[in-house]
Amino acid sequence: MLRLPSFTYRQPRTLAEAVSMKADVGPDGMYVAGGTDLYPNMKRRHQEPRTVISLMGVPELAECGVRNAECGIGPCVTLTAIADHPTIRRDYAAVLLRNMGTLGGNLCLDTRCNYYNQSYEWRKAIDFCMKKDGHICWVAPSSPRCWAVSSSDVAPVMVALGADYVLVGPGGERVVPAARFYHNDGINYLTKQPDEVLAAVRLPAPDGWDAVYHKLRRRGSFDFPVLGVAAWTKWERGAGSGERVVEARIVLGGVASWPQEIPEAGAALAGTDLSDEAIAAAADAAYRPAKPMDNTDFDLSWRKQMTRVYVARALAELRQRRRAAK
Ligand SMILES: Cc1cc2nc3c(=O)[nH]c(=O)nc-3n(C[C@H](O)[C@H](O)[C@H](O)COP(=O)(O)OP(=O)(O)OC[C@H]3O[C@@H](n4cnc5c(N)ncnc54)[C@H](O)[C@@H]3O)c2cc1C
Ligand code: SF4
């Protein structure tokens, strides 16, 4: 059985206290929320903080509510509680994901790779890799970067919705769009400073948009996405009859080190009523730049093929929902 290394566990009661504790311990400290990602990583020595600072005792990080028509969600709200929240159930169906763990932990999830998510002994036997303790990338040996994959279900949804993240650190508070919170780099996958806490997530007011999330995975139950497709469309009634898409975003998870927006796919939908032709054009546009690497589950060429299928299915669901709502 893999054991946790010994570490100091701190339980701040306010956000300011949490940030100051982290600043005091420096790079040897890490925040934890539900711990469903961090603790397994510590057992396999992927991450080795000597001090772990729990955010779960900070009341302001566990609030959920609507202000000025925007919905704000605290990062320590569990995904199950989010799924049970009446406003989110009604207006933000794409955010509903029933599993353990918190929203903040999911949005800051470590990137994953078949050569990294292994025990310490397994990784030692291959002389480790660039992401932790080694020098080479086994997926792309001539590459100067790590290609570990963004495997969060909620991150592509937040980018597609155009959510804002509130970050609080020693220098104060700042707000960044979800799309700018992620880097396409398997090691430095977040743009936030290590001391910064993701303190809140702000969802836009539900004014004429709709969104869905479709996920390819091996097991039907709780399992990391091999491919995630978040599709968001904003509708407007045109001069003639019927509604048109005025803006759309397609964001893929599980194919890069960040949630990858495909602007060409969104552009293919603007001005259409999600006709079969528009959906096929968007699915094709998403298929071309999707370049999954050979470091997660399933054959990579099949995963690439599935991009087209899953984007088309997600858009067909959006169209069906829109028609049913009329
Ligand atoms: C068997 C298994 C299956 C899983 N399946 C899925 C799945 O299908 N989809 C999926 O998306 N995930 C999955 N996960 C990953 C994980 O359980 C979830 O993403 C979960 O939501 C992470 O939340 P947490 O609170 O447990 O994170 P933690 O482990 O507490 O934290 C994860 C990371 O985020 C950082 N962090 C946490 N909160 C904050 C904050 N507020 N500010 C700054 N940094 C923060 C931590 O320092 C850590 O680096 C799975 C995990 C396991 C073990
Ligand atoms: S992509 Fe390369 S460097 Fe990154 S975790 Fe995998 S093998 Fe290691």
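**Notes on the ligand 1 site, two cavities and a hairpin**

1. Tyr31, Gly34, Thr36, Thr102 and Asp223 come nearest to ligand 1, out of 31 residues around this ligand (a residue is near a molecule if one of its heavy atoms lies within 4 Å of it). Before you read on, please note that this is a predicted model, in which local features need pLDDT of at least 70 and side-chain atom pairs count only at pLDDT 80 or more, while totals for chains, interfaces and linings use all residues. Residues are numbered from 1 along each chain as its sequence is written, chains are lettered from A and ligands numbered from 1 in the order in which they are written, and side-chain values use heavy atoms, with hydrogens and water left out.

2. Now for the polar contacts (pairs of N or O atoms within 3.5 Å). A polar side-chain atom of Thr36 sits 2.5 Å from an oxygen atom of ligand 1, and an N or O atom in the side chain of Thr102 is 2.6 Å from an oxygen atom of the ligand. With Asp37 a polar backbone atom takes part, 2.9 Å from an oxygen atom of ligand 1. The protein buries 90% of the 980 Å² that ligand 1 exposes when taken alone (accessible areas by the Shrake-Rupley method with a 1.4 Å probe).

3. Which elements supply at least two residues each of the shell around ligand 1? Strand S2 (29–32), helix H5 (103–107) and strand S8 (197–203) each do so (helices, H or I, of at least four residues and strands, E, of at least two are DSSP runs, numbered from the N terminus). By class, the shell holds 15 nonpolar, 10 polar and six charged residues (Ala, Val, Leu, Ile, Met, Phe, Trp, Tyr, Cys and Pro count as nonpolar, Asp, Glu, Lys and Arg as charged, and the others, Gly among them, as polar).

4. Do look at the cavities too (on a 1 Å grid over the protein atoms alone, sets of points where a 1.4 Å probe fits but cannot get out; lining residues have an atom within 4 Å of a point). The whole structure has two of 30 Å³ or more (a volume is the space filled by probe spheres set on the points, which are joined across faces, edges and corners). The largest cavity has a volume of about 100 Å³, and its 14 lining residues include Cys113, Cys129, Cys137, Val139 and Cys146, which lie nearest its centre.

5. Finally, strands S4 (residues 64–67) and S5 (residues 70–73) run antiparallel, joined by four bridges (strands pair if DSSP finds at least two bridges between them). Arg67 has Glu70 in S5 as its bridge partner. Two residues lie between the strands of this hairpin, and Asn68 in the turn has a positive phi of about 50°.

Key: A polar contact is a pair of N or O atoms within 3.5 Å; within protein, one must be able to donate a hydrogen and the other to accept it, and residues adjacent in sequence count only if both atoms are side-chain atoms. On a 1 Å grid over the protein atoms alone, a cavity is a set of points where a 1.4 Å probe fits but cannot get out, and a pocket is an open set with protein on both sides within 12 Å along at least five of seven lines; lining residues have an atom within 4 Å of a point.
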